[in-house]
Amino acid sequence: MMVQSRENVAFEAPSSKISDYFGSEVFGLSKMKDALAPSVYKKVSEAIEKGSKIDTSSAEEVATAAKAWALSKEVTHYTHWFQPLTGSTAEKHDTFFDAHAKIERFKGSALVQQEPDASSFPNGGIRTTFEARGYTAWDPSSPMFIFENTLCIPTIFVSYTGEALDYKTPLLKSVEAISAAATPICQLFDRSVKKVNPSLGVEQEYFVIDKALYASRPDLVMAGRTVFGHNPARGQQLDDHYFGSIPSRVKAFMKHFEIEALKLGIPVSTRHNEVAPGQFEVAPVFEEINKATDHNQLLMDLMDKVADQHHLKVLFHEKPFAGLNGSGKHNNWSLITDTGVNLFQPSNSARENLQFLTFLIATVKAVHDHADILRASIASAGNDFRLGANEAPPAIISVFLGSTLSTVLDELEKNGNIKIEKGDNMYMKLGISKIPEIILDNTDRNRTSPFAFTGNKFEFRAVGSSSNVAGPMTALNVIAADTLRLMYKDIQAEIEAGKEKKIAIVNVLRKYIKETKKIRFEGDGYSEEWEKEAKKRGLSNLKSTPFALDVLLAKATSEVYERHSVMNVTELHARHEIRLENYIMKVQIESRVMGDLALNHVIPTAIQYQTKLIENANGLKSLGLDSKAAIDTINEISKHIEAIKENVSAMIDARRRLNKEEDIAKRAKGYSTDVKDAFFEKIRYSVDKLELFVDDEFWPLVKYREMLFLR
Ligand SMILES: NC(=O)CC[C@H](N)C(=O)O
């Protein structure tokens, strides 16, 4: 086959040493330092660090310097680069060239603010037609970069009345919120802490298939996943792909996009095969959460473009192939003080370990108290297919701590009553001094958990591979902030009641450990027993997006977001609506693709083949031979054709009925239960059966085995 004989595409690294070109396409602090007057640089770098505003004249200087740098690299255009609620990034390019003055220009005002014609971005009813303007505003905390010959300026995107229309605005606010809530607690241990920054490293999973094969599957093109396709004889049963040797075309592609990523300052560091054939992973080292988020969005875009040069297509969908492992984005999240302490890093100092436990237990409590907010943050039509299927975390939110830490928590709970006398070593008595210094090696990994402690950070594994991580990370930051604030109050109350500080902290930790037990789970998250057990514990198991999103409308939810000025009710409701709309659209598209493929491709092919069989049966009969086998197959085929016709027609009726439903939440739920649940599996079952009956030469769709095994 032509596809199998494709040559690797040649490309060259700028140097064999990454340090020679890392960040070469980024206008970061070091380039600013070279280009700006020292006084201006000082102002700008301070503003970046503090997240404060940059004054007009400094912005002017930065714009001039950025322009000079960009022109020196043969760049002609600039764009505000932002993350609207479509899920991808948006840009509108303007030239530096001023046709009247006949010179290249870049004003500070153009750097700082723009008004893209925003009326076609999703806004969930926030922007009415008479006030359809939105504007983008420079976010200096994420550096400018050159991508495809354009100077890209990371910005936020807000409505004229100030509501967020993007992913970044709430994320930045949540970063402020968690710092504000975590700092006072840090100060109980170390007065010099002034700020706490969340950090993030995103492991990105994806599939790669040949571009031509991709183009031949209308379902992949339209819906991002295959709606039909029988499992290949060899799937992932052999476990031979995971960490195996990377197919050479894919390796060439990986090396290529990694070079481009490194030039953009994206610190990619790991590549390997994933569980399913055709599935892979790329992971960078951690960065500040804001940068890591931008970098992940940029990386996806970049991968898509580089893949094209290699005649490949990257699939970021959470479940492109039924019956095989899905793809996630594992979000490694941590909190780091401005004094350089990772708050999730156990140490050999007992005092620091108390601080470590304080933040660890606060996170457990945050997940316990707000599991539904976290669940909602990862809900999408694509992720619904992945969660709980073929080695992906279930839709039930729980926390995995590992046996070492579980024992520590159990002991702390148990020993808490021990009387601590003056002169006692409290840490010893409570068993805290025993936390092994390097817990990293002691933490058993649990791939089945949606939210796992992994030695010095938490890994939020339930996030879907195509999602913008800003959504889940905002949710995580805000629920953690809320719990930390509550925790500080609880500790203060103990102190006011006369308890010594350390004892006050321990008392609160013990209370939280007791309260949050049901969210902790160390077992197999894939198992049926866990579903049953979770139900007994009263944990939610929301399998479908429109149901999982209900919590965004709850008063308790908006109170959390408002308490920390991350989003107001209007913004939350808008997001609820946008995500429901998106869900409906996705299921509708899939349902249509399914109907079209089944009626226009599959059934005609099946009939064509069946006609051959009929000829064959007649031939056999005329020779006086046994035609039973042929007739049986003819009957089987008829049965499946009938079933497909019936189900497709009933599915179309269900869509028609639901499209009249005015209440968007009801419509979305209907699409989930009455369209997706009611028909997708049934139709697929018959089509996949037909795939087995019909002569391979006739079958209209490229098969799984042809797509998944690249050389
Ligand atoms: N090896 C793994 O970690 C598999 C994870 C799985 N791909 C997921 O969906 O999250």
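**Close-up 1. Glu148 and Lys305 pair up in a salt bridge.** In this predicted model, the side chains of these two residues come together at 3.4 Å, N to O. How many salt bridges does the rule find across the interface of domain 1 and domain 2? The count there is 1. Polar contacts add to the picture: between domain 1 and domain 2 there are 11 residue pairs in polar contact, with both residues at pLDDT 80 or more. On the domain 1 side that touches domain 2, strand S8 (residues 144-147) gives the largest share, with 3 residues. Sorted by class, that side of domain 1 has 14 nonpolar, 8 polar and 5 charged residues.

**Close-up 2. Here is where domain 1 meets domain 2.** To get your bearings, the domain assignment splits the chain into domain 1 (9-162), domain 2 (177-567) and domain 3 (581-709). For the contact between the first two of these, domain 1 supplies 27 residues and domain 2 supplies 24 residues. Their C-alpha centres sit 30 Å apart. Put together, domain 1 and domain 2 bury about 2,100 Å², and 63% of that is on carbon and sulfur atoms. Which residues of domain 1 lose the most area to domain 2? They are Val9, Phe11 and Phe147, and together they make up 28% of what the domain 1 side buries.

**Close-up 3. The ligand has 16 residues around it.** Of these, Glu205, Asn325, Gly326, His330 and Arg386 come nearest. Gly326 takes part through its backbone, with an N or O atom 2.9 Å from a nitrogen atom of the ligand. Glu274 uses its side chain instead: an N or O atom there is 3.2 Å from a nitrogen atom of the ligand. What kind of ligand atom lies 2.9 Å from a polar side-chain atom of Arg461? That one is an oxygen atom.

**Close-up 4. Glu413 and Lys517 form another salt bridge to look at.** The structure holds 39 salt bridges, counted as a whole. In this one, the side chains of Glu413 and Lys517 meet at 2.9 Å, N to O. Why does the pair tie together parts that are 104 residues apart in sequence? It does so because Glu413 lies in helix H13 (residues 403-415), while Lys517 lies in the loop between helix H16 (501-515) and helix H17 (528-537).

Definitions and conventions
Residues are numbered from 1 along each chain as its sequence is written. This is a predicted model: local features need pLDDT of at least 70, side-chain atom pairs count only at pLDDT 80 or more; totals for chains, interfaces and linings use all residues. Side-chain values use heavy atoms; hydrogens and water are left out. Domain bounds come from an automatic or database domain assignment. Contact means heavy atoms within 4.5 Å. Buried area is the accessible area (1.4 Å probe) that two parts lose on being put together, summed over both. A salt bridge is a side-chain nitrogen of Lys or Arg within 4 Å of a carboxyl oxygen of Asp or Glu. A polar contact is a pair of N or O atoms within 3.5 Å; within protein, one must be able to donate a hydrogen and the other to accept it, and residues adjacent in sequence count only if both atoms are side-chain atoms. Helices (H or I, at least four residues) and strands (E, at least two) are DSSP runs, numbered from the N terminus. Ala, Val, Leu, Ile, Met, Phe, Trp, Tyr, Cys and Pro count as nonpolar, Asp, Glu, Lys and Arg as charged, and the others, Gly among them, as polar. A residue is near a molecule or strand if one of its heavy atoms lies within 4 Å of it.
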